[in-house]
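Reader: For my work at the bench I would like a close look at a single part of this model, namely the surroundings of its aromatic rings. Please set that part in the context of the whole chain.

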Amino acid sequence: MNLDEAQRDMQRAYYDGATGLFASATAWLAATLAAWLSTPGTAIAVLLFGGMLIFPVSVVLSKALGRSGFHAKDNPLGALVLGSTVWMFLAIPIAFGASLYRVEWFFPAMLLTIGGRYLTFSTLYGLRVYWFCGGVLAATGVILVMLRLPIQAGALAGSVIEYGFGIAVFAMARARAVHQSAAAAGARLRSQA
């Protein structure tokens, strides 16, 4: 399987990653609600727990949208998924440590962490939009710290950004699927003529 085939397999399985963006955005939204209605510690716990559910929820969403929700076993990009996930888990203690110094730094630190992970998705899915997604998340994390915004702002920013990119990626994937379907139908008609 070459790189193009591996990326197409990932695109097909996970709807270009849109389902993961929606699942992650929902975890950020739940953390936002917890930040408004409860304590910062509860909001942090909600994001961490919600983060553990991102992959299973994205698989369910992918399947609901007619995709497999799993990439091929021989897909070499599976190692990138695992490696970037381990890297993210190793970075979470840094975000937690930052929150011990200033609790409102947890969500900006997580935005930087998640933003860095999304940069690898440009290779995983072969889509440049993930460079923008990662960059916007990381820049937002820095801006939140510089402006000394409250914890609720950091959680809300993660949710809004990921929902926005989720909608964009979903629309791009949908448009490509429609185009490919029309091209295949045209090819069938030409072969029958």
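Author: The answer below begins with the whole chain, turns to the aromatic rings, and then follows their surroundings outward.

The model is predicted, so that local features are described only at pLDDT of at least 70 and side-chain atom pairs only at pLDDT 80 or more, whereas totals for chains, interfaces and linings use all residues. Residues are numbered from 1 along each chain as its sequence is written, and side-chain values use heavy atoms, with hydrogens and water left out.

The predictor's confidence in each residue, pLDDT, runs from 0 to 100. Its mean over the chain is 93, and 99% of the residues reach 70 or more. Helix α2 has the highest confidence, at 98, and α7 the lowest, at a mean of 89. Helices (H or I, at least four residues) and strands (E, at least two) are DSSP runs, numbered from the N terminus. The chain has 7 helices and 0 strands, and its C-alpha atoms fill a box of roughly 70 × 30 × 25 Å along the principal axes. Contact denotes heavy atoms within 4.5 Å. Of the contacts between residues at least 6 apart in sequence, 79% join residues at least 24 apart.

The aromatic rings come next. Rings of Phe, Tyr and Trp (its six-membered ring) pair if their centres lie within 6.5 Å; planes under 30 degrees apart count as stacked, over 60 as edge-to-face and the rest as tilted. This rule yields 13 aromatic pairs. In one of them, the ring centres of F22 and Y163 are 6.5 Å apart and the planes stand at 40°, so this pair is classed as tilted. F22 belongs to helix α2 (residues 18–37) and Y163 to helix α7 (residues 151–192), so the pair links parts of the chain that are 141 residues apart. Both residues belong to one aromatic cluster, together with Y15 and F170.

Burial separates members of this cluster. Buried means under 20% relative accessible area, exposed means over 50%, and partly exposed lies in between (1.4 Å probe, protein chains only). Y15 is buried, with a relative accessible area of 4%, while Y163 is partly exposed at 26%. Y15 is found in the loop between α1 and α2 and has a positive phi of about 50°, although it is not a glycine. Most residues other than glycine have a negative phi. R148, a further residue other than glycine, also has a positive phi, near 55°; this residue is found in the loop between α6 and α7 and is exposed, with a relative accessible area of 61%.

Y15 also meets a charge. A charge sits over a ring if NZ of Lys or CZ of Arg is within 6 Å of the ring centre and within 35 degrees of the ring normal. R67 lies over the face of Y15, at 3.9 Å from the ring centre.

The two helices that carry F22 and Y163 also contribute to the interior. A nonpolar core is a set of buried Ala, Val, Leu, Ile, Met, Phe, Trp, Tyr and Cys residues joined through side-chain atoms within 4.5 Å. The largest such core has 40 residues, and those with the most contacts inside it are L47, F107, M110, Y118, Y125 and Y130. Two or more residues come from each of α1 (3–14), α2, α3 (40–64), α4 (78–101), α5 (106–125), α6 (129–147) and α7; α5 gives the most, with 10 residues. In soluble globular proteins, nonpolar side chains tend to be buried together.

F107 illustrates these surroundings. Leaving aside neighbours within four places in sequence, F107 is in contact with W28, A31, A43, I44, L47, I151, G154 and A155. Q152 lies in helix α7 and is buried as well, with a relative accessible area of 17%. With the same neighbours left aside, Q152 is in contact with T32, A35 and W36.
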